[in-house]
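Dear colleague,

I am passing on a structure that you have not worked with before, and I would be grateful if you could look through it alongside the notes that follow.

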Amino acid sequence: MIESPLLPHTQGYIDGEWCTGSGKTITVTNPANAEELARIDGMSERETLAAIHAAEGALAHRASRDQRRQWLLRIAEVLQANREEVGRILTLEHGKPWKEAQGEVDYAAGFFRYCGEHIDELAPRTLDGHPKNATWTVHYRPAGVVALSTPWNFPIGMIAKKLSSALAADCACIIKPSSKTPLTMIALFTLLQRELDLPRGKVNLVIGPAGAITDTLMEHPAVRVLSFTGSTEVGRELIGKAAPGIKRLTLELGGNAPFIVFDDADLDAATDHLIGNKFRGGGQTCVCANRVFVHRDVAETFANRVAERVRSLTVGDGMAEGTDIGPLIDENGVAKVRRHIDDAVAKGATKVVEQDVSHLPGTFSPPTVLLDVPTEAVCNVEETFGPLVPMVTFGDEEEVIAAANDTEFGLAAYLFTADHDRGQRVIERLHFAHATLNTGTGPTPEAPFGGMKQSGYGREGGIEGLFEFVEVQTVPVAD
Ligand code: NAP
């Protein structure tokens, strides 16, 4: 069982109190070795209703912008001061290397800091002029009780994006983390309780399997916004459930990112960026390269360079010194990657490298590079969510634009070319909301991030993200 000063309780948190759930028990395990980390009494409808009630109560106490700024900056500071321990808990329940987990804590802190530093964007705005003989002021009011639901792949990063702007807007929040990684969220709540003076009911943590919890949130009229990060499949279901109550949704859904390498690209730089981009979180990120398109004249050279780097990656327990790639979250994740590799090879792809991970005890998947993957291979259609680099060759600009856009997803795309004009020209025609040139970087707190097409709608990060949890109220006052 896990021991941590940040986990004196392994429970949910409602109305300023740690609470036991009345639902199904959740077992949290370490994917590196299948060891049990915690058993949590899962919550259900009853606790969700209590959380909604507490949040409604908290809404009665409005906080000034200065107060909210202080909270946000304090959360950033507290997270940063506890990055090692929060990171350790994260690694134990998720599997990613400890150093990377600490980087995720820094990333999370960045969202709170950014919202704190930019909260004055939410100040009321008086219009120039006096249309219709009135003075017009635009107010950014809190949307109300908001539900924040997050996946397991960034146990602290994903909630930070939502909670920072929800608190900036002065909403009252109900957080539902993934049942696979609730411990990092509990650690965050321990810090919020110890280090901040948030009013009771301002932030509530409801832990338990989706279903009764999420249905209660979707059906209750007090919940005005659901901000969800997760699969497109669940996002689609939530759109239907939001209809009766006309609830606002922010949906951060799946991806199928193209990583395009033209023949004039700096291949060493493209290799570095691909390795960093693809293997973060063991390849279990929505923004990681899922399809690598390489110009046919450089395909073999590029594949060999990438393969050389992949051979030298250390796969193992995220807490072990020197580990580059941890385990996948569970057996289902491993089976999906296996299915994608076998399908591509059966359809004619060449295996350039597949590391042997059979000696490792947990849910590990072999870092693999495939070349000449046919476009109809399953790994080009579905998110692999694992350490597979499938390379598809192309001949010209038109062909690669069409192939890259041939997906229902529109989250992230990466382009490598020495010709900046071509870069901008191609990017303009790519239907992906995060589209980079000569870098494999993912999102940052300072910039808006979200999806096009079936990758969702709404934005997190940047000034745009600050406005996700406000209601705009326009007030003309007669002159
Ligand atoms: P998921 O299965 O959709 O689960 C996400 C969250 O929704 C979890 O809290 C889960 O709770 C809950 N959930 C599951 N089924 C639900 C239902 N029927 N109704 C309401 N809530 C439900 O996704 P995941 O496997 O955790 O995460 C991986 C996916 O997230 C990938 O597709 C990835 O691309 C996407 N993602 C997108 C972004 C982005 O910014 N666009 C970022 C990260 C991840 P339980 O755990 O209790 O089942």
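The ligand is a good place to begin, since the shell around the ligand draws at least three residues from domain 1 (12-253 + 455-478) and at least three from domain 2 (257-444). Please keep in mind throughout that this is a predicted model.

There are 30 residues around the ligand, and those that come nearest are Lys 176, Ser 179, Ser 231, Leu 253 and Glu 383. By kind, the residues of the shell divide into 14 nonpolar, 12 polar and 4 charged. Among the secondary-structure elements, β10 (223-229) and α8 (232-242) each supply at least two residues of this shell, and α8 gives the most, with 3 residues.

Several atoms of the protein lie beside oxygen atoms of the ligand. A backbone N or O atom of Thr 150 lies 2.9 Å from an oxygen atom of the ligand, while for Ala 210 a backbone N or O atom lies at 3.2 Å from a ligand oxygen. In Ser 178, by contrast, it is a polar side-chain atom that lies 3.3 Å from an oxygen atom of the ligand. Taken alone, the ligand exposes 910 Å², of which the protein buries 85%.

As for the protein as a whole, it contains 14 helices and 22 strands. Its radius of gyration is 23 Å, close to the 23 Å that the globule rule gives for 479 residues, so the protein is as compact as a globular protein of that length. The C-alpha trace spans about 70 × 60 × 40 Å along its principal axes, and 59% of the 479 residues count as buried.

With kind regards

Note on methods
Residues numbered from 1 in each chain as written. Predicted model: local features only at pLDDT ≥ 70, side-chain atom pairs only at ≥ 80, totals over all residues. Heavy atoms only, no water. Near = heavy atom within 4 Å. Polar contact = N/O pair within 3.5 Å; in protein donor to acceptor, adjacent residues only side chain to side chain. Areas by Shrake-Rupley, 256 points an atom, 1.4 Å probe, with all protein chains shown as cover. Helix = DSSP H or I, 4+ residues; strand = E, 2+ residues; numbered from the N terminus. Nonpolar A, V, L, I, M, F, W, Y, C, P; charged D, E, K, R; others polar. Domains from an automatic or database assignment. Rg over C-alpha atoms; globule rule 2.2 N^0.38 Å. Buried < 20%, exposed > 50% of the residue type's maximum accessible area, 1.4 Å probe, protein only.
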